[in-house]
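I am keeping these entries as I go through the structure, one topic at a time. Each entry records what I looked up and what I found there.

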Amino acid sequence: TALTASQHPTPTSQGIVQLKMDTVLGIQYEGGVVLATDQSNARSIVSYLTNLDKIKALTSHSAMGVSGPNCDMVNFTEYIEKNLKLYELRNEGTKLSTRAQANFCRNELAVALRKGPYQVNVLLGGYDEKTSSASLYFLDYLAALQKLQYGAQGYASMFCTSIMDKEYRKGCTEAEALKIIDHCINEIHTRFLINQPNFIIKVIDKDGVRTVSAGGDPADN
Amino acid sequence: MARRYDSSTTTFSPEGRLHQVEYAIEAINNAGTCVGILAKDGIVMASERRITSGLLAPAKTSEKTYKLCNHSACNVAGLTADANILIDQARLRAGRYQYQYQEPIPVEQLVEHVCNYKQSYTQYGGLRPFGVAFLFAGYDDQFGFQLYQSDPSGNYSGWKATVIGANNQAGKSLLKNEYAPKKDKKDEGEETKEDEEDTTMPDIDGALRLAVKVLNKTMDGTAAAAEKMELFRMTYDPKTEKCIHHILTKAEAQAIIDAVEAESSSSGDS
């Protein structure tokens with residue numbers, strides 16, 4: 001059985017908070033997945049931070065790019081991360097496949113949906129040693145789950161999906177995938193009303209999760 | 001001496017024993033024998049069918065072999081009513097795991113869940129332990145085919161071949177000699193290398209014949225017949241990625257029994 005969140009969060013007085021402002025991008029390439037998110041933490045007209053790391057590593061070979069209010073982001077990702085760790089501890093180091101992790105997340109979102117929903121939209125990427133391949137999953141706050149080759153969360157999807165549609169090739173390399181991410185970030189900088197100066201880009205492959213670039217250093221506080 | 005400490009499960013004896021658990025294990029030694037054998041390409045579980053009365057209606061389902069999920073099945077020795085509760089537990093656990101992770105449950109996790117449930121009846125509540133021993137057969141993509149044995153204490157271990165139920169010691173000694181004997185072993189005390197592939201592991205048909213041989217020995221006194229034995233085998237089809245559970249028909253079982261007969265008569269065993 002999973003760890004239970006003993007105090008389940010209830011919807012805030014602001015109702016369902018805006019989930020579309022944060023940018024999350026993801027592309028699956030040959031042997032890995034690239035995830036990119038903006039680094040701003042803002043609400044209404046106020047910007048709190050521009051160096052936030054919104055890509056949380058879940059296990060050694062998987063990570064989740066998250067959008068939503070900071071409280072739910074942190075609560076949900078830490079809850080999932082610790083439950084996945086518990087599974088590994090209980091079962092002598094057996095790791096869950098990316099698909100199993102994504103379905104576990106979906107289940108948690110679905111259970112919470114009718115109690116106190118986690119207001120997070122997520123792109124989950126992971127590498128599986130068993131199949132030597134990587135996969136990308138789209139999860140939204142209503143507990144929808146879809147495996148994708150590439151995708152985006154938030155308003156960014158309106159700007160970037162067409163770019164990915166045009167430029168993505170199945171079996172592309174890491175460099176090619178990163179190039180597409182750059183094009184998407186460029187488009188957001190040019191056309192998106194909300195100012196998102198910094199982006200953090202991470203890659204998940206056979207060597208684990210590593211940061212490729214970060215506009216603002218998350219350690220700066 | 002034991003009488004003072006044996007009526008409650010939650011009390012140790014001065015020698016550090018749980019008598020109720022031991023009595024439960026004893027109860028299984030009167031039950032119909034079950035043999036489990038790991039083969040290269042699957043698992044065989046064979047059990048003794050005890051027909052207690054000629055008036056009994058012919059069985060619609062097996063009282064020994066139960067499917068837990070697509071990739072796992074078990075054989076029961078002991079109190080059938082107790083076993084039904086545990087089998088239900090196992091099926092629920094396998095189903096819930098599949099629901100949560102959209103993947104089949106690793107076999108050992110399923111076994112451990114059932115065993116943890118059994119263990120709680122040896123420690124809390126003042127309820128008696130389950131009088132059931134199981135042979136669990138399963139397949140997962142991490143460890144392939146696996147065979148586990150569990151008893152009322154909640155202990156379990158993995159086996160290449162094992163026997164539970166009546167006359168299990170006789171069965172086990174036969175298996176020790178005949179299951180994958182190491183042909184080149186010179187010294188009994190030599191340590192076998194752990195990563196040495198066990199190339200003498202039988203295939204499914206060899207395992208079925210060996211299982212019949214074991215049942216012949218444990219059921220000795222009664223002539224081997226297809227109605228008295230239930231032969232079950234589990235294999236994996238990589239194309240459909242599903243396991244195939246099959247209880248041999250009377251004709252198939254008879255064929256195995258005949259083959260064993262022929263083998264033993266030709267080798268001069270009495």
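**Entry 1, charged pairs in chain A.** I began with Glu174(A), which forms a salt bridge with Arg210(A), the closest N and O atoms being 3.3 Å apart. Glu174(A) lies in helix α4 of chain A and Arg210(A) in strand β12 (residues 208-214), so the pair ties together parts that are 36 residues apart in sequence. I note that this is a predicted model, and that side-chain atom pairs count only at pLDDT 80 or more.

I then checked how far the two partners are covered. Glu174(A) has a relative accessible area of 23% and is therefore partly exposed, and Arg210(A), at 35%, also counts as partly exposed. Arg210(A) has a salt bridge with Asp205(A) as well, at 3.0 Å from N to O. Asp205(A) is a buried residue, because its relative accessibility is 9% and the cut-off for buried is under 20%.

A network turned up next: Asp22(A), Asp38(A) and Lys54(A) are joined into one by salt bridges that share partners. Within this network I looked up the pair Lys54(A) and Asp38(A), whose side chains meet at 3.1 Å, N to O. Lys54(A) sits in the loop between β4 and β5 (55-59) of chain A, while Asp38(A) belongs to strand β2 (residues 32-38), so the salt bridge ties together parts that are 16 residues apart in sequence. Both Lys54(A) and Asp38(A) are buried. For the structure as a whole, over all chains, the search finds 15 salt bridges.

**Entry 2, Asn198(A).** Asp38(A) came up again when I listed the surroundings of Asn198(A), which touches Thr37(A), Asp38(A), Gln39(A), Thr50(A), Gly215(A) and Gly216(A), once residues up to four places away in sequence are left out. Asn198(A) itself is placed in the loop between α4 (174-191) and β11 (199-205) of chain A. Is Asn198(A) buried or exposed? With a relative accessible area of 18%, Asn198(A) is buried, given that the cut-off is under 20%.

**Entry 3, Ser62(A).** This residue lies in strand β6 (residues 62-67) of chain A, and its relative accessibility is 0%, so Ser62(A) counts as buried. Its side chain is joined to that of Thr59(A) by a polar contact of 2.8 Å. Beyond the neighbours within four places in sequence, I find Ser62(A) in contact with Ala57(A), Gln101(A), Gly125(A), Gly126(A), Ile204(A) and Val209(A).

**Entry 4, a surface patch.** I turned from buried positions to the surface of chain A, where Ile45(A), Val46(A) and Tyr48(A) form a nonpolar patch with about 370 Å² of accessible area together. Tyr48(A) is part of strand β4 (residues 46-49), and its relative accessible area of 52% is why I record Tyr48(A) as exposed, the cut-off being over 50%.

**Entry 5, chain B against chain A.** How much area do chain B and chain A bury between them? The value is about 1,100 Å², with 40% of it on carbon and sulfur atoms. Of the area that chain B buries against chain A, 46% is supplied by Gln100(B), Tyr101(B) and Glu103(B), more than by any other three residues. Eleven residues from chain B and 14 residues from chain A take part in the contact.

Across this interface the rule finds one salt bridge; Lys130(A) and Asp141(B) form a salt bridge whose closest N and O atoms are 3.4 Å apart. I also noted seven residue pairs in polar contact between chain B and chain A. On the side of chain B that touches chain A, the elements giving two or more residues are α2 (80-101) and α3 (107-120) of chain B, and α2(B) gives the most, with four residues.

**Entry 6, Leu231(B).** My last look-up was in strand β9 (residues 229-237) of chain B, where Leu231(B) is placed. Leu231(B) is buried, because its relative accessible area is 2%. Apart from residues up to four places away in sequence, Leu231(B) touches nine listed residues, including Met45(B), Leu208(B), Val212(B), His246(B) and Ile256(B). I also recorded its relation to Lys64(B): the two are 167 residues apart in sequence and 10 Å apart in space, C-alpha to C-alpha.

Notes: Residues numbered from 1 in each chain as written. Chains lettered and ligands numbered in written order. Predicted model: local features only at pLDDT ≥ 70, side-chain atom pairs only at ≥ 80, totals over all residues. Heavy atoms only, no water. Patch = residues over 30% accessible without salt bridge, like charges linked within 9 Å, V, L, I, M, F, W, Y side chains within 5 Å. Areas by Shrake-Rupley, 256 points an atom, 1.4 Å probe, with all protein chains shown as cover. Buried < 20%, exposed > 50% of the residue type's maximum accessible area, 1.4 Å probe, protein only. Contact = heavy atoms within 4.5 Å. Buried area = accessible area lost by both parts, 1.4 Å probe. Polar contact = N/O pair within 3.5 Å; in protein donor to acceptor, adjacent residues only side chain to side chain.
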